[in-house]
Amino acid sequence: MTSVTSDSVETFPRAGFRRRLASWVYDLLIAIAVYMTAGAISFLLMYLGFHFGLFGLQGYDHFSDTIANTAWLKWPNEFWKLAWVSFFFIWFWSKTGQTLGMKAWRLRVQNQDGSLINKVTGLKRLLPTLLGLGNLNVIFDRKNKLSLQDRLTKTEVVLLTLEANRGRL
């Protein structure tokens, strides 16, 4: 559990369930905002396609019904929104080890040697996270404080000191 900084090697304890949960709630609100923004952009792009005659209403009265009930519009739209939410987490995890919620609660995800995770590891963490349910494992693993996604990707979430948390984003 060491963290390598530019001028020293520091050891931080692994984070417990309550801090992870608080960070998750904070990040959930941000993820919802990212999802909604991506949805607004995709809606605009699809509406422009409709406006310029690329496709019609497919027999529906409202454009939103066309999107919701037409598979070739609905599923790419959902994938687009989830891709942006995934990008949010992966980018922050690989850049600084902290999302905005993790920064607020002084948490950082890192490899078990203290180095930052890469984008591939970030992607691997997403699925076993199970929308945050993977963190429930921390309740039952009080000794190691490792979540399901930590175990599967050989990473850990640590609690930073106030000093180590300053200016990281």
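These questions and answers walk through helix packing, strand pairing and selected residues in a predicted model.

Q: Is helix α3 oblique or roughly perpendicular to helix α5?
A: Helix α3 spans residues 71-95 and helix α5 spans residues 119-129. Their axes lie 9 Å apart and pack at an angle of about 135°. Angles of 65 to 115 degrees count as roughly perpendicular, and those over 145 as roughly antiparallel. The 135° angle therefore makes α3, relative to α5, oblique.

Q: Which residues of α5 meet α3?
A: The crossing of these two helices is right-handed. From α3, the contact draws on Ser86, Phe89, Ile90, Trp93 and Ser94. Facing them in α5 are Lys119, Gly122, Leu123, Arg125 and Leu126.

Q: How many nonpolar residues does the contact of α3 with α5 have?
A: Phe89, Ile90 and Trp93 of α3 take part, as do Leu123 and Leu126 of α5. By class, the contact also has 3 polar and 2 charged residues. The nonpolar count is 5.

Q: Is α1 oblique or roughly antiparallel to α3?
A: Helix α1 covers residues 17-51. Its axis and that of α3 come within 9 Å and cross at roughly 140°. Roughly antiparallel needs an angle over 145 degrees. The crossing therefore leaves α1, relative to α3, oblique.

Q: How many nonpolar residues does the contact of α1 with α3 have?
A: α1 passes α3 in a right-handed crossing. The α1 side includes Ile30, Val34, Tyr35 and Met46, while the α3 side includes Leu73, Trp80, Trp84 and Phe88. Charged residues number 3 and polar residues 3. The nonpolar count is 14.

Q: Which residue in β4 is the bridge partner of Gln110?
A: Strand β3 (residues 107-111) and strand β4 (residues 155-159) run antiparallel and are joined by 5 bridges. Leu107 has Leu159 as its partner in β4. For Gln110, the partner is Glu156.

Q: Why is β3 largely enclosed by the rest of the structure?
A: Buried means under 20% relative accessible area. Strand β3 has 5 residues to consider. It is largely enclosed because the number of them that are buried is 5 of 5.

Q: Which residues of β4 point the other way from Thr155, Val157 and Leu159?
A: In β4, 5 of the 5 residues are buried, so this strand is largely enclosed by the rest of the structure. Thr155, Val157 and Leu159 point one way. The other way point two buried residues, Glu156 and Val158.

Q: Is Met102 buried or exposed?
A: Met102 sits in helix α4 (residues 100-104). Beyond its neighbours within four places in sequence, its contacts include Asp27, Trp93, Leu107 and Val157. Its relative accessible area is 6%, against a cut-off of under 20%, so Met102 is buried.

Q: What distance separates the C-alpha atoms of Met102 and Asn165?
A: Along the sequence, Met102 and Asn165 are 63 residues apart. In space, C-alpha to C-alpha, they are separated by 9.9 Å.

Q: Is Glu10 buried or partly exposed?
A: Glu10 is found in strand β2 (residues 9-11). Its C-alpha atom is separated by 9.9 Å from that of Thr161, 151 residues apart along the chain. Its relative accessible area of 25% falls between the 20% and 50% cut-offs, so Glu10 is partly exposed.

Conventions. Residues are numbered from 1 along each chain as its sequence is written. This is a predicted model: local features need pLDDT of at least 70, side-chain atom pairs count only at pLDDT 80 or more; totals for chains, interfaces and linings use all residues. Side-chain values use heavy atoms; hydrogens and water are left out. Axes are lines fitted to C-alpha atoms, for helices over the stretch in contact, and angles run from 0 to 180 degrees between N-to-C directions. Helices (H or I, at least four residues) and strands (E, at least two) are DSSP runs, numbered from the N terminus. Angles under 35 degrees count as roughly parallel, over 145 as roughly antiparallel, 65 to 115 as roughly perpendicular and the rest as oblique. A crossing is left-handed if the near helix is turned anticlockwise from the far one by less than a right angle, and right-handed if clockwise. Contact means heavy atoms within 4.5 Å. Ala, Val, Leu, Ile, Met, Phe, Trp, Tyr, Cys and Pro count as nonpolar, Asp, Glu, Lys and Arg as charged, and the others, Gly among them, as polar. Buried means under 20% relative accessible area, exposed over 50%, partly exposed in between (1.4 Å probe, protein chains only). Two strands pair if DSSP finds at least two bridges between them.
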